Amino acid sequence: MNLDDALQTFIVEARELLEQMEDALLRVEQMPDDAETINAIFRAAHTIKGSAGLFGLNHVVEFTHVAESVLDLVRSDTLRITSELVAIFLGVCDHLGVLISGIAEGTEPDAETQHASDELANQLRVYLGQPTQVSP
C-alpha cells in the first residue's frame with residue numbers, strides 16, 4: 001500500500017468515524033450518563049487525531065486535540081455533558097468533515113477555515129479553563 005492509498009483509507013475511515021460520532025452525539029443528549037456512548041465519541045475523535053498525526057496533518061491534530069481533551073473530562077466525570085456542549089461537538093464534527101474534505105481535495109485550510117477551527121477550539125478551551133487563542 002502506498003502513501004496515497006493509505007491517505008485515501010484515512011479519509012474514508014475518518015468520514016465513517018464522523019458519522020458514528022454524530023450519531024453518538026445525538027444519542028448522548030438523551031442519555032448524558034451513558035458511558036458507552038461517551039466513550040464512542042471520544043474514540044472517534046482520538047482515532048481521527050492519531051491517524052491524522054501519522055500523515056502530518058497538524059491542523060487536524062491540533063484542532064482535534066482540544067476536542068479530545070474536553071471529551072476526556074466528560075469521560076472522567078469531571079465535566080457533565082449538556083445540550084450546549086453537544087451543540088458545540090456537533091459543530092466540531094461538522095468542521096472535522098470540512099477539514100477531511102480539504103484533505104481529500106489536496107488543499108490546505110484557507111483563512112476562513114482556520115478561523116472556524118480557532119473559534120470552535122476557543123469555545124472548547126473555556127471548558128478546559130484555558131485562555132482563548134487568536135489566529136494570526
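Read from the N terminus, the protein chain runs α-α-α-α-α, which makes five helices and zero strands (DSSP runs, H or I of at least four residues for helices and E of at least two for strands, numbered from the N terminus). This is a predicted model, where local features need pLDDT of at least 70, side-chain atom pairs count only at pLDDT 80 or more, and totals for chains, interfaces and linings use all residues. Residues are numbered from 1 along each chain as its sequence is written, and side-chain values use heavy atoms, with hydrogens and water left out.

Let's start with the whole chain. Its C-alpha atoms fill a box of roughly 40 × 35 × 20 Å along the principal axes. Of the 136 residues, 40% count as buried (under 20% relative accessible area, with exposed over 50% and partly exposed in between; 1.4 Å probe, protein chains only).

Now look at helix H3, residues 58-75. Its buried residues include Phe-63, Val-66, Val-70 and Val-74. Past the end of H3 comes Asp-77, with a positive phi near 65°. Arg-75 puts its charged end over the ring of Phe-42, 3.7 Å from the centre (the rule asks for NZ of Lys or CZ of Arg within 6 Å of the ring centre and within 35 degrees of the ring normal).

How many aromatic pairs are there? Just one aromatic pair is counted (rings of Phe, Tyr and Trp, the last by its six-membered ring, with centres within 6.5 Å; planes under 30 degrees apart are stacked, over 60 edge-to-face, the rest tilted). The rings of Phe-10 and Phe-55 have centres 5.7 Å apart and planes at 40°, so this pair is tilted. Phe-10 lies in helix H1 and Phe-55 in the loop between H2 and H3, so the pair ties together parts 45 residues apart in sequence. Phe-10 is buried at 5% relative accessible area, while Phe-55 is partly exposed at 25%.

Terms used
Expected span 1.5 Å × (residues − 1).
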